[in-house]
Amino acid sequence: MADVAFIGLGIMGVGMADNLAKAGRKLVVWTRDAAKARAFADAHPGAVEVAPTAAHAVRTAPLTYCMLSTLEASTAVFDAPDGVLAAVGPGKCVVDCATLTPERMAEMAAAVRAKGGKFLEAPVSGSKKPAADGQLIFLTAGDADLLEAARPDLDAMGKATHYYGADVGAGSRMKLCVNMTMGVQIAALAEGIALCEASGLSGDAFVEVLKQGAMSSPLIAGKGAAMVGRQYAPQFPLEHAQKDLRFAVAAGDKLGLALPVAAASNELFKRARAAGNGGDDCCAVVEAARK
Ligand code: NAP
């Protein structure tokens, strides 16, 4: 029996699972790409076993972390006949760390609880490097005793954990507010760089001024340099950033709340996706802003 199951060894999941292994946890892992799972196990001899299906992984451990990308991925893995839910029974614990809609998280929580299990949503703030460095920020809601049981793991993967109550959905709502604000900042930075370059000025010089002033932030420095240098290796894929803006705009729509700046930013990200930049880092949105 492993201590924890980890489902989804993507950009974020691989760093998170690595920090669990470093904390001494015995892992059973499953990810769609079997070669990735095997490579992860080979890098952690004796600590990681590869499961043939997601259901097998869930059956093999009392507590499962999921870090899948999209609603489609969540459906494909959680609801499949050999998926996560199929193996949930009394006492099984599921912690979902993806950025999904509040409605989807609530639906998964209800399905897990209906089978006698416990559920915690725990979307994260932070990207590839914070995931690798154990510096994520968890935005949680759900079963409070599961949060306490998972806390040592969350502490190994992150630097802060926030809890918004038993009602699953609140963590995802907070996450969408955070990523909507980030998406808007990235879109504004992209347009600033595009205007600067089109005006015959240096993008690097523009970012230097931003870094010296009140707008200075790790995002301005990191994404600004990457946009100017056209460095688009994915840390946070553009298609995921657009997904989050889409979810945020839909949440505003549901509440009758106008979000015109987020909606315009979403359109810029959509244009970049349509141009083929979906798999690039989100900073590639600058390509849609350039002439
Ligand atoms: P990712 O690397 O694109 O993918 C995550 C996982 O989803 C991978 O393990 C991938 O499997 C799996 N997957 C995708 N489509 C699938 C399908 N149809 N069936 C089965 N598995 C599928 O995503 P990520 O960047 O790690 O992000 C994971 C989640 O965290 C997303 O919801 C994202 O919005 C959120 N997030 C990301 C960041 C970031 O900076 N990257 C930061 C905060 C939050 P394989 O790799 O095995 O094919």
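Which residues does UniProt assign to the feature "domain: 6-phosphogluconate dehydrogenase NADP-binding"? The UniProt record, in an unreviewed entry, places that feature at residues 3–165, and I should say at the outset that what we are looking at is a predicted model. In this model the span 3–165 is 42% helix and 23% strand, and the C-alpha atoms at its two ends lie 26 Å apart.

Let me turn to one residue, T31, which is found in the loop that runs between β2, residues 27–30, and α2, residues 34–42. Its relative accessible area is 10%, and T31 therefore counts as buried, the cut-off being under 20%. If we set aside residues up to four places away in sequence, T31 touches G8, L9, K36 and A37, and with L9 there is a polar detail to point out, since the side chain of T31 reaches the backbone nitrogen of L9 at 3.0 Å.

Now to the cysteines. How many disulfides does the structure hold? The count is 0, and C283 is accordingly in no disulfide, the nearest cysteine sulfur being that of C282, at 6.1 Å. For C196, the closest cysteine sulfur is the one in C283, and because the two sulfurs are 17 Å apart, they are too far from each other for a bond. For the reasoning here, the cut-off is a pair of cysteine sulfur atoms within 2.5 Å.

As for their surroundings, C196 is buried, with a relative accessible area of 10%, and C283, at 0% relative accessibility, is counted as buried too.

Note on methods: Residues numbered from 1 in each chain as written. Predicted model: local features only at pLDDT ≥ 70, side-chain atom pairs only at ≥ 80, totals over all residues. Heavy atoms only, no water. Helix = DSSP H or I, 4+ residues; strand = E, 2+ residues; numbered from the N terminus. Buried < 20%, exposed > 50% of the residue type's maximum accessible area, 1.4 Å probe, protein only. Polar contact = N/O pair within 3.5 Å; in protein donor to acceptor, adjacent residues only side chain to side chain. Contact = heavy atoms within 4.5 Å. UniProt positions renumbered as here; feature names shortened; annotations may be inferred.
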